[in-house]
Amino acid sequence: MTVAGWEREIAAAQAITTYELDGVAYARIRYGGEAEDWGAASGRPCHDCGVRPGQYHVPSCDAERCPRCLRQAISCGCADGDFDDDDDDDELDDGALDDGALDDGALDDGALDDGALN
Ligand SMILES: [Zn+2]
Ligand SMILES: [Zn+2]
């Protein structure tokens with residue numbers, strides 16, 4: 001792609017001010033508005049899509065944050081309707097397994113009883 005062609009991509013990206021995710025319009029995060037500093041603070045263009053500080057990233061830029069979950073927009077899955085609630089459920093399952101480990105502790109008490117008999 002020519003540089004002139006990419007400049008048109010950047011210009012077109014400035015017209016996209018929101019992402020509609022799960023039926024809700026979220027205001028996009030401009031380059032420099034991220035929690036991380038990707039170089040905007042020192043005035044450098046975005047390392048991936050080349051926009052200048054204060055501009056919107058070109059969609060598919062790997063530095064753009066998702067306005068819904070604030071993670072990497074191209075990998076967070078919000079646009080696919082693939083939300084992360086499932087991950088939270090997995091963590092709860094792990095906690096249940098830890099309760100099983102406490103049951104092992106109860107078995108240790110039984111071992112102490114054997115010692116008392118001796
Ligand atoms: Zn970018
Ligand atoms: Zn997201």
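A residue here is called partly exposed when the number of other C-beta atoms within 10 Å of its own falls between the cut-offs of 12 or fewer for exposed and 20 or more for buried. Keep that handy for the first view; the model throughout is a predicted one.

**View 1. Arg52 sits in a loop and counts as partly exposed.** With 13 C-beta neighbours inside 10 Å, Arg52 is partly exposed, because that count lies between the two cut-offs. The loop that holds Arg52 runs between strand E2 (24–27) and helix H2 (85–117). Look for Tyr31 too: Arg52 and Tyr31 are 21 residues apart in sequence, with a C-alpha to C-alpha distance of 7.1 Å.

**View 2. Eleven residues build the largest nonpolar core.** Tyr31 turns up again here, as one of the 11 members, and the others include Trp38, Tyr56 and Val58. Three cysteines, Cys46, Cys49 and Cys61, belong to this core as well. Leaving aside residues up to four places away in sequence, Cys49 touches His57, Val58 and Cys61.

**View 3. Strands E1 and E2 make a hairpin.** The two strands run antiparallel, and 4 bridges join E1 (residues 18–21) to E2. One pairing to pick out is Thr18 with its bridge partner Ala27 in E2. There are 2 residues between the strands, and Asp22 in the turn has a positive phi of about 55 degrees.

**View 4. Stepping back, the chain reads α-β-β-α.** That pattern comes from 2 helices and 2 strands. Of the chain's 118 residues, 14% count as buried. Among contacts with a separation of 6 or more, 41% are between residues 24 or more positions apart.

Conventions: Residues numbered from 1 in each chain as written. Chains lettered and ligands numbered in written order. Predicted model: local features only at pLDDT ≥ 70, side-chain atom pairs only at ≥ 80, totals over all residues. Core = buried A, V, L, I, M, F, W, Y, C linked by C-beta atoms within 7 Å. Contact = placed C-beta atoms within 7 Å. Pairing = 2+ DSSP bridges.
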